[in-house]
Every structure is written in C-alpha cells, then in structure tokens.
Amino acid sequence: MLLLSITNKLLEDVAPVPLLWVLPLALYLVTFALTFSRRIYYWRGVSVRFLAVALGSLGYAIYEPMYTESVQVSVPVFCIALFLCCWFCHGELALRRPPPPYITTFY
C-alpha cells in the first residue's frame, strides 16, 4: 500500500514524468534485498527513530503542499520516506522469519 500510494502521489500530484514509477519500485526492491540478505543491515532502534521522522515529514508534506511544491524537494522527500518505511517493514518481517524447516508456512 505504501509503495502504491507514494508512486501515485509522485506521478499524479508532483510530476507527470514518464518512467518515474521506476524509482519507488527500485527503492522498494533495494530495501527488500538489504534486509533479507543479512541481518546486519537492519537495526530496530535506529529504524524506529527514522520511521517517526519519515512519517512526520510525509504527513506535513501532504498537509502543506507549499512545502513540497517544487519537484526538486518533493521527489527526494517522498522517496527517502518510502525507503525508510519499507526498510522498517521489511526489517521487521526479516526478524520474525522462522527457522528454515518452517519457512514455507511463514510465507
């Protein structure tokens, strides 16, 4: 849902640029690969703090469109927030995965 909403916001409200949808998808896949490759790339304490800042900035950017009126500001704000939120969600999912014999029931 987060990937879809950020992509929709970027493409409809910020800038109707062709192939801009590739950037949020790439960020989503990078966070997935980083968190499931090794557990060293995800730290719960740090990511919770970053998540709070990202959600606050997203809320403010949607509430006050004058803040993110230019493309040079809005695209990085939304993409960084997407990266941090996906990093948190994928990291929590990676921490909760069971041992290898039970992994098929998990997914």
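When I say in this talk that two residues touch, or are in contact, I mean that they have heavy atoms within 4.5 Å of each other. With that in place, let me take you through this chain, and please keep in mind throughout that what we are looking at is a predicted model.

I will begin with Ser 47, which touches Tyr 42, Trp 87 and Phe 88, leaving aside residues up to four places away in sequence. Ser 47 belongs to helix 3, the element that covers residues 44-63, and its relative accessibility is 1%, so Ser 47 counts as buried. The side chain of Ser 47 also has a polar atom that lies 3.2 Å from the backbone oxygen of Arg 44.

Before following those neighbours, a word on the overall layout. The chain contains 5 helices and 0 strands, and read from the N terminus its elements therefore run α-α-α-α-α. The C-alpha trace spans about 50 × 30 × 20 Å along its principal axes. Of the 107 residues in the chain, 32% are buried, and the chain exposes about 7100 Å², with carbon and sulfur atoms supplying 71% of that area. If we consider contacts between residues at least 6 apart in sequence, 71% of them join residues at least 24 apart.

Now to the aromatic residues around Ser 47. How many aromatic pairs does the count come to? The count comes to 3 aromatic pairs. One of them joins Tyr 42 and Trp 87, whose rings are edge-to-face, with 6.0 Å from centre to centre and 85° between the planes. This pair links distant parts of the chain, since Tyr 42 sits in the loop between helix 2, residues 22-37, and helix 3, whereas Trp 87 sits in helix 4, 45 residues apart. Both Tyr 42 and Trp 87 are buried.

Trp 43 and Trp 87 form an aromatic pair as well, and this one is also edge-to-face, at 6.4 Å centre to centre and with 80° between the planes. Here too distant parts of the chain are linked, with Trp 43 in the loop between helix 2 and helix 3, and Trp 87 in helix 4, 44 residues apart. As for burial, Trp 87 has a relative accessible area of 9% and is buried, while Trp 43, at 47% relative accessibility, counts as partly exposed because that value falls between the cut-offs of 20% and 50%. Taken together, ring pairs link Tyr 42, Trp 43 and Trp 87 into a cluster.

Let me return to Arg 44, whose backbone oxygen we met beside Ser 47. Which residue forms a salt bridge with Arg 44? The partner is Glu 92, and the closest N and O atoms of the two are 2.8 Å apart. Arg 44 lies in helix 3 and Glu 92 in helix 4, residues 71-95, so this pair ties together parts that are 48 residues apart in sequence. Arg 44 is partly exposed, with a relative accessible area of 44%, whereas Glu 92, at 9%, counts as buried. Glu 92 forms a salt bridge with Arg 96 too, in which the closest N and O atoms are 3.4 Å apart, and Arg 96, at 57% relative accessibility, counts as exposed. Through their shared partners, these salt bridges join Arg 44, Glu 92 and Arg 96 into one network. By the rule used here, the count for the model comes to 2 salt bridges.

Finally, the nonpolar core. As general background, nonpolar side chains in soluble globular proteins tend to be buried together. In this model the largest nonpolar core has 22 residues, and those with the most contacts inside it are Ile 6, Leu 10, Val 14 and Phe 78. Helix 1, residues 2-14, supplies at least two residues of this core, as do helix 3 and helix 4. Which helix gives the most to the core? That is helix 4, with 11 residues. To take one member in detail, Ile 6 touches Leu 58, Phe 78 and Leu 82, again not counting residues up to four places away in sequence.

To close, helix 4 holds Trp 87 of the aromatic pairs, holds Glu 92 of the salt bridge with Arg 44, and gives the most residues to the largest nonpolar core.

Key:
Residues are numbered from 1 along each chain as its sequence is written. This is a predicted model: local features need pLDDT of at least 70, side-chain atom pairs count only at pLDDT 80 or more; totals for chains, interfaces and linings use all residues. Side-chain values use heavy atoms; hydrogens and water are left out. Helices (H or I, at least four residues) and strands (E, at least two) are DSSP runs, numbered from the N terminus. Buried means under 20% relative accessible area, exposed over 50%, partly exposed in between (1.4 Å probe, protein chains only). A polar contact is a pair of N or O atoms within 3.5 Å; within protein, one must be able to donate a hydrogen and the other to accept it, and residues adjacent in sequence count only if both atoms are side-chain atoms. A salt bridge is a side-chain nitrogen of Lys or Arg within 4 Å of a carboxyl oxygen of Asp or Glu. A nonpolar core is a set of buried Ala, Val, Leu, Ile, Met, Phe, Trp, Tyr and Cys residues joined through side-chain atoms within 4.5 Å. Rings of Phe, Tyr and Trp (its six-membered ring) pair if their centres lie within 6.5 Å; planes under 30 degrees apart count as stacked, over 60 as edge-to-face and the rest as tilted. Accessible areas come from the Shrake-Rupley method with a 1.4 Å probe; for residues, only the protein chains shown count as cover.
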